[in-house]
Protein chains: 2
Amino acid sequence: MVPHLVTALKGPLLDLERGFLDATPRIERWFRLAWQEHTPPFYCSTDLRNAGFKLAPVDTNLFPASFNNLSADVMPLAVQAAMAAIDKYCPDARNLLLIVEKDARSASYLDHLKRLAAIMRQTGLNVRFGSLDPALREPQQVVFSDGQQLLVEPLVRGARRIGLADFDPCSILLNDDLSSAIPDALRGLHEQVVLPPVHAGWAVRRKTNHFTAYREVARKFAKAFDIDPWLIDPLFASCGAVDLGKRAGEDCLATNVDAILRKTRSKYREYGVRAAPFVIVKADAGTHGVAIMTVKDAKQMRGMDSEYRARMSVGADGRAVTEMIVQEGVPTFETINESWAEPVVCMIDRYVVGGFYRVHAGRDKDENLNAPGMHFVPLPFAASCHVPDSSALPENASNRFYAYGVVARLALLAASIELERTDPDQSLYG
Amino acid sequence: MVPHLVTALKGPLLDLERGFLDATPRIERWFRLAWQEHTPPFYCSTDLRNAGFKLAPVDTNLFPASFNNLSADVMPLAVQAAMAAIDKYCPDARNLLLIVEKDARSASYLDHLKRLAAIMRQTGLNVRFGSLDPALREPQQVVFSDGQQLLVEPLVRGARRIGLADFDPCSILLNDDLSSAIPDALRGLHEQVVLPPVHAGWAVRRKTNHFTAYREVARKFAKAFDIDPWLIDPLFASCGAVDLGKRAGEDCLATNVDAILRKTRSKYREYGVRAAPFVIVKADAGTHGVAIMTVKDAKQMRGMDSEYRARMSVGADGRAVTEMIVQEGVPTFETINESWAEPVVCMIDRYVVGGFYRVHAGRDKDENLNAPGMHFVPLPFAASCHVPDSSALPENASNRFYAYGVVARLALLAASIELERTDPDQSLYG
């Protein structure tokens with residue numbers, strides 16, 4: 001089905017992957033116990049990097065917009081996971097309001113929405129689409145780039161509830177990542193469940209919070225399974241306020257870049273890795289792969305020309321980048337058709353439901369692949385994330401995916417903890 | 001993958017199937033609400049019959065022994081469903097004791113056990129195998145008919161718990177259907193979860209209880225979705241004590257056969273069905289397809305020769321048949337390679353995880369197919385049971401399976417209610 005996949009997965013399993021396989025029942029129990037303490041976000045996708053010597057998440061998306069890239073085979077898994085989730089939040093729900101991205105008009109986003117809606121309908125919900133766009137006053141057939149249409153309706157806000165005309169939902173599924181601000185329309189909805197909660201939006205969320213939580217999760221997991229946490233955790237550091245346009249924060253960035261490069265170099269020596277380390281400098285809030293740079297020398301942070309600085313200062317939604325994270329770069333060692341590729345794992349509730357490869361023919365193994373020109377290859381992820389074949393040969397590709405499912409779920413767990421800590425209503429966590 | 005399957009599914013969807021498809025979100029919500037009231041048994045398989053004019057369950061097995069017949073593709077679904085179940089019963093469980101059938105030695109049963117154990121291991125449990133066989137005193141490598149082996153260990157019973165040597169399980173998964181009696185070893189285990197509960201065993205269970213509960217479920221469902229309950233429910237009647245060897249109960253059987261045949265004939269006229277009705281007379285307790293006869297005329301109940309009566313008097317496990325159920329026969333209209341076939345749907349917790357066809361080249365469409373000489377064809381059931389394509393053409397085979405998943409889950413719900421009603425500890429349902 002995905003014949004070229006094999007090229008992405010050649011070679012024996014890493015010791016790490018082998019270790020995960022051998023420890024499967026213990027790992028699954030570890031997660032089972034963890035989910036007694038923490039509630040996973042409704043859905044999530046995690047970008048992973050497999051460097052051959054380490055396997056780590058580099059970005060965790062709480063508003064996934066790529067379910068169209070999943071293989072159709074995994075739909076039953078997605079439905080079953082969504083059933084479990086809805087049962088938890090809103091067991092007698094009849095209606096679901098799906099709030100879609102304000103500006104997205106691509107055919108692929110429409111395909112994603114259709115698939116997401118099909119999953120939710122199959123859990124026993126009537127699904128309709130709303131938008132936070134204040135300019136939307138009447139129901140509108142949104143026309144996508146390939147000519148397909150979707151009826152998107154204006155929100156109707158009451159004193160305590162939100163809905164659409166003649167449509168009172170029990171739960172509201174956010175697929176707009178709230179980059180600019182938490183809209184008033186979504187505040188004070190104590191009778192309805194908003195999934196994920198609004199403070200998961202990029203107006204509030206920070207990558208440093210996520211990777212701080214991830215670092216703790218990774219250390220705990222590494223201790224339980226006797227591995228070096230660095231093998232699953234990218235180093236990072238952050239600078240407070242940064243304004244590259246005004247050259248504010250450059251020193252802090254340069255210092256952090258230097259520190260992360262030094263630490264990474266030392267780890268590379270420890271593990272006999274011959275590559276040159278690099279770091280990724282990116283906005284601490286925001287998505288869509290904008291404002292991301294690959295840095296191999298701290299000097300680069302000072303020598304940027306004004307055009308480049310301007311480009312790095314604008315994040316998703318056109319918002320100014322005011323905080324940045326410096327993250328250890330994890331090169332990918334996976335290729336599909338001679339293009340570098342990275343796996344993306346999709347989860348609903350606490351379940352891995354599938355995954356795909358993000359592939360970019362024009363980018364290098366140490367660059368961000370989430371950029372125009374990328375394409376996607378669905379993976380037969382599901383079976384192997386759940387039921388690896390520990391008796392199979394080490395080079396059995398499907399066994400590699402089990403490890404991907406484990407690390408992705410560690411990132412999911414970190415997101416749960418991150419959302420608890422950043423929840424404005426701390427009384428919920430007694 | 002299953003090329004000949006198409007022949008089993010030709011022809012447009014029944015009105016019933018079409019109606020189920022159109023009502024999908026409402027049906028799924030109906031089940032979601034039902035599962036708030038009732039707890040499904042841990043696992044279950046249901047034999048269905050699709051007559052073209054009606055679609056009904058004819059047997060519901062609470063100790064499924066056929067997971068080996070499922071397609072490997074559905075393993076992730078089974079794991080995910082089992083995770084949800086274990087989370088409910090025993091969230092911090094580390095060990096699972098799987099009690100296997102005492103006498104089964106077939107290669108297919110071993111394959112079933114391996115698959116069941118693989119599913120449970122993947123939920124984070126250490127799995128070991130025990131047996132209720134009192135003759136087993138030491139751990140034994142049980143050799144199956146194809147030479148494969150499995151380590152089966154004697155049970156170690158404490159005052160309040162049961163386990164194996166150096167193995168204290170939180171939950172005990174019964175795969176022995178307790179045909180002869182509820183063993184003392186399984187009584188009074190208040191600290192451990194026995195799945196399913198021991199009163200699901202055939203020593204206690206009666207088909208009439210199941211089909212009484214199913215009749216109520218079917219009526220409720222039929223009312224909610226405005227269909228004739230007969231379209232999903234086989235008529236039945238039972239006689240109290242029957243001893244065919246001594247010709248006791250023959251009159252009652254003959255009367256009931258006659259009544260069911262008359263009612264069925266009247267329904268056939270109502271729906272323009274030209275076939276001759278028949279009934280199935282079988283033991284009210286027990287499994288393995290023994291002691292089952294197809295009857296087309298009440299006179300047959302009186303004219304049986306002594307050899308035939310003797311054969312009908314012995315059920316599974318060699319136990320005497322003392323109660324019988326008279327059930328409307330539902331012919332199958334499905335064939336695979338010119339042999340009659342019936343679908344079997346497998347469920348874990350409240351989820352359909354897959355299915356297969358039971359096929360018998362030597363039996364007719366109005367006969368029991370669960371007999372030596374049968375074989376099995378896995379179905380790509382899962383996707384379609386969860387995500388039918390309501391926009392597809394009516395003859396799209398996969399859409400037919402959605403209806404199978406619905407009717408199978410009605411039988412699952414009936415089993416839940418049956419187990420509540422027959423639970424010796426009624427205080428649980430106050």
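# Exercises on a predicted two-chain model

The axes of H4(A) and helix H4 (residues 75-89) of chain B come within 9 Å, and they cross at roughly 10°. The structure is a predicted model, and the exercises below begin with this pair of helices.

## Exercise 1. The pair of H4 helices

Determine how H4(A) is oriented relative to H4(B), and describe the contact of H4(A) with H4(B) by residue and by class.

*Solution.*

Step 1. The crossing angle is roughly 10°. Angles under 35 degrees count as roughly parallel, so H4(A) is roughly parallel to H4(B).

Step 2. On one side of the contact stand Pro76(A), Leu77(A), Gln80(A), Ala81(A) and Ala84(A) of H4(A); they meet Pro76(B), Leu77(B), Gln80(B), Ala81(B) and Ala84(B) of H4(B).

Step 3. Sorted by class, this contact of H4(A) with H4(B) has 8 nonpolar residues, 2 polar residues and no charged residues.

## Exercise 2. The relation of the two chains

Find the turn and the shift by which chain A can be laid on chain B, and name the relation that follows.

*Solution.*

Step 1. Two copies of a chain are related by a rotation about an axis together with a shift along it.

Step 2. Here, a turn of 180° and a shift of 0.0 Å along the axis lay chain A on chain B with an RMSD of 0.0 Å.

Step 3. This is therefore the relation of a two-fold axis.

Step 4. Within chain A, the C-alpha nearest the axis belongs to Leu77(A), at 2.9 Å from it. Leu77(A) is also one of the residues of H4(A) that meet H4(B).

Step 5. The same surface serves both copies, since 100% of the contact residues of chain A recur in chain B.

## Exercise 3. The side of chain A that touches chain B

State how many residues of each chain are in contact, and which elements of chain A give two or more residues to the side that touches chain B.

*Solution.*

Step 1. The contact joins 31 residues of chain A with 31 residues of chain B.

Step 2. On chain A, the elements that give two or more residues to this side are helix H3 (24-37), helix H4 (75-89), helix H5 (107-121) and helix H9 (381-386).

Step 3. The most is given by H4(A), with 8 residues.

Step 4. By class, the residues of the side of chain A that touches chain B comprise 15 nonpolar, 8 polar and 8 charged.

## Exercise 4. The overall form of chain A

Decide whether the radius of gyration of chain A agrees or disagrees with that of a compact globule, and describe the chain further.

*Solution.*

Step 1. For 430 residues, a compact globule would have a radius of gyration near 22 Å; chain A has 21 Å, which agrees.

Step 2. The C-alpha trace of chain A spans about 65 × 55 × 50 Å along its principal axes.

Step 3. Chain A contains 10 helices and 18 strands, and 49% of its 430 residues are buried.

Step 4. Of the contacts in chain A between residues at least 6 apart in sequence, 69% join residues at least 24 apart.

## Exercise 5. Unusual backbone angles

Locate the cis peptide bond that ends at Pro196(A), and the residues Asp226(A) and Glu338(B) with positive phi.

*Solution.*

Step 1. The peptide bond from Leu195(A) to Pro196(A) is cis, with omega near -15°. Pro196(A) belongs to the loop between strand S10 (193-195) and helix H6 (207-224) of chain A.

Step 2. Asp226(A) is not a glycine, yet has a positive phi of about 55°. Its loop runs between H6 and strand S11 (236-241) of chain A. Asp226(A) has 8 other C-beta atoms within 10 Å and is therefore exposed.

Step 3. Glu338(B), likewise a residue other than glycine, has a positive phi near 70°. Glu338(B) is placed in the loop between strand S15 (335-336) and strand S16 (339-348) of chain B, and with 8 C-beta neighbours inside 10 Å it counts as exposed.

## Exercise 6. The surroundings of Phe63(B)

Is Phe63(B) buried or exposed? Which residues does Phe63(B) touch, not counting residues up to four places away in sequence?

*Solution.*

Step 1. Phe63(B) lies in the loop between strand S2 (55-61) and H4 of chain B.

Step 2. A residue is buried if 20 or more other C-beta atoms lie within 10 Å of its own. Phe63(B) has 24, so Phe63(B) is buried.

Step 3. With residues up to four places away in sequence left out, Phe63(B) touches Leu174(B), Asn175(B), Asp176(B) and Asp177(B).

Step 4. Phe63(B) and Gly286(B) are 223 residues apart in sequence, while their C-alpha atoms are 11 Å apart in space.

Definitions and conventions. Residues numbered from 1 in each chain as written. Chains lettered and ligands numbered in written order. Predicted model: local features only at pLDDT ≥ 70, side-chain atom pairs only at ≥ 80, totals over all residues. Least-squares fit on C-alpha atoms with pLDDT ≥ 70 in both. Contact = placed C-beta atoms within 7 Å. Helix = DSSP H or I, 4+ residues; strand = E, 2+ residues; numbered from the N terminus. Nonpolar A, V, L, I, M, F, W, Y, C, P; charged D, E, K, R; others polar. Rg over C-alpha atoms; globule rule 2.2 N^0.38 Å. Buried ≥ 20, exposed ≤ 12 C-beta atoms within 10 Å, placed from the backbone. Axes fitted to C-alpha atoms, helices over the stretch in contact; angles between N-to-C directions. Parallel < 35°, antiparallel > 145°, perpendicular 65-115°, else oblique.
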